[in-house]
Amino acid sequence: MRNMDTTVINDNPRSLKESGHLSSRGILIVLSPNFFGRTFIVDRDSCILGRSDNADFSIKDDLISREHCRIIREEGKHFSIEDLQSTNSSSINGRKLKKKQQLCYGDRIRLGSTVMRFFREEEVS
C-alpha cells in the first residue's frame, strides 16, 4: 500500500504570513517522523541537501539522492530551490519541482520520505 499524502494546502491569505522584519537567513524544519524537529539554517548563498555526508545538510533517507536539491539565497533576501536531477524528485506544496522556484514563507518541501517547511528567521525589533 502506498502512503498517500493527505496534506491540505490552505490558501487562506491570513495564514502563515511573514513578519515585516525578516533576516537574510532561511530555516528548514523537518516535520516527518524520521527526523522530526531537525532544523537546518540556510545562511549561505547556496546549500546542498542530500543523503551524502558531503552535502551541506545531510539527511539519511534512502529515497533522497546523494545531492538531491539546492537552496539558493539570491540578493541576500530571496530564497529559491532547485532539484539536482534527483532520482525521486522534489516537491513544493504537493507539486513536483520541475525548475528552479522561489520559496515562500511556510512552503512545504518534500524530498524522498522527508517533509519539511521553509521559514525565514525573524528579527526582534
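**Exercise 1.** In the hairpin of strand 10 and strand 11, which residue takes a positive phi, and how many residues lie between the strands?

*Solution.* Keep in mind throughout that the model is predicted. Begin with the pairing: strand 10, residues 108-111, and strand 11, residues 114-122, run side by side in the antiparallel sense, joined over 4 bridges. Next, pick out a facing pair, for Arg110 stands opposite Val115 of strand 11. Finally, turn to the connection, where 2 residues lie between the strands and Gly112 takes a positive phi near 60 degrees.

**Exercise 2.** Find the strand that pairs with strand 7, and name the bridge partner of Ser90.

*Solution.* Strand 7 covers residues 90-92 and pairs with strand 10 in the antiparallel sense, over 3 bridges. Within this pairing, Ser90 has Leu111 of strand 10 as its bridge partner. Now look at the loops on either side of strand 7. Ser89 belongs to the loop between strand 6, residues 78-83, and strand 7, and its phi is positive, near 60 degrees, although the residue is not a glycine. Asn93 sits in the loop between strand 7 and strand 8, and its phi, near 50 degrees, is likewise a positive value in a residue other than glycine.

**Exercise 3.** Decide whether Asn93 and Ile64 are buried or exposed.

*Solution.* The step of reasoning needs one cut-off, namely that a residue is buried when its relative accessible area is under 20%. Asn93 has a value of 18% and is therefore buried. Ile64 has a relative accessibility of 2%, so Ile64 counts as buried too.

**Exercise 4.** Describe the surroundings of Ile64, which lies in the loop between strand 4 and strand 5.

*Solution.* First list the contacts, leaving aside neighbours within four places in sequence: Ile64 touches Gly50, Arg51, Ile59, Leu111, Gly112 and Thr114. Among these, Gly112 is the residue with positive phi in the hairpin of strand 10 and strand 11, while Leu111 is the bridge partner of Ser90. Then compare sequence with space, since Ile64 and Ser90 are 26 residues apart along the chain, yet their C-alpha atoms are 9.0 Å apart.

**Exercise 5.** Give the strand order of the open sheet formed by 5 strands, and identify its edges.

*Solution.* The order is 4-3-5-6-9, and the pairing is mixed. The edges are strand 4 and strand 9, residues 101-102, each of which pairs on one side only. At the strand 4 edge, strand 3, residues 46-50, pairs with strand 4 in the parallel sense over 2 bridges, and there Leu49 has Phe57 of strand 4 as its bridge partner.

How values were computed: Residues numbered from 1 in each chain as written. Predicted model: local features only at pLDDT ≥ 70, side-chain atom pairs only at ≥ 80, totals over all residues. Heavy atoms only, no water. Pairing = 2+ DSSP bridges. Buried < 20%, exposed > 50% of the residue type's maximum accessible area, 1.4 Å probe, protein only. Contact = heavy atoms within 4.5 Å.
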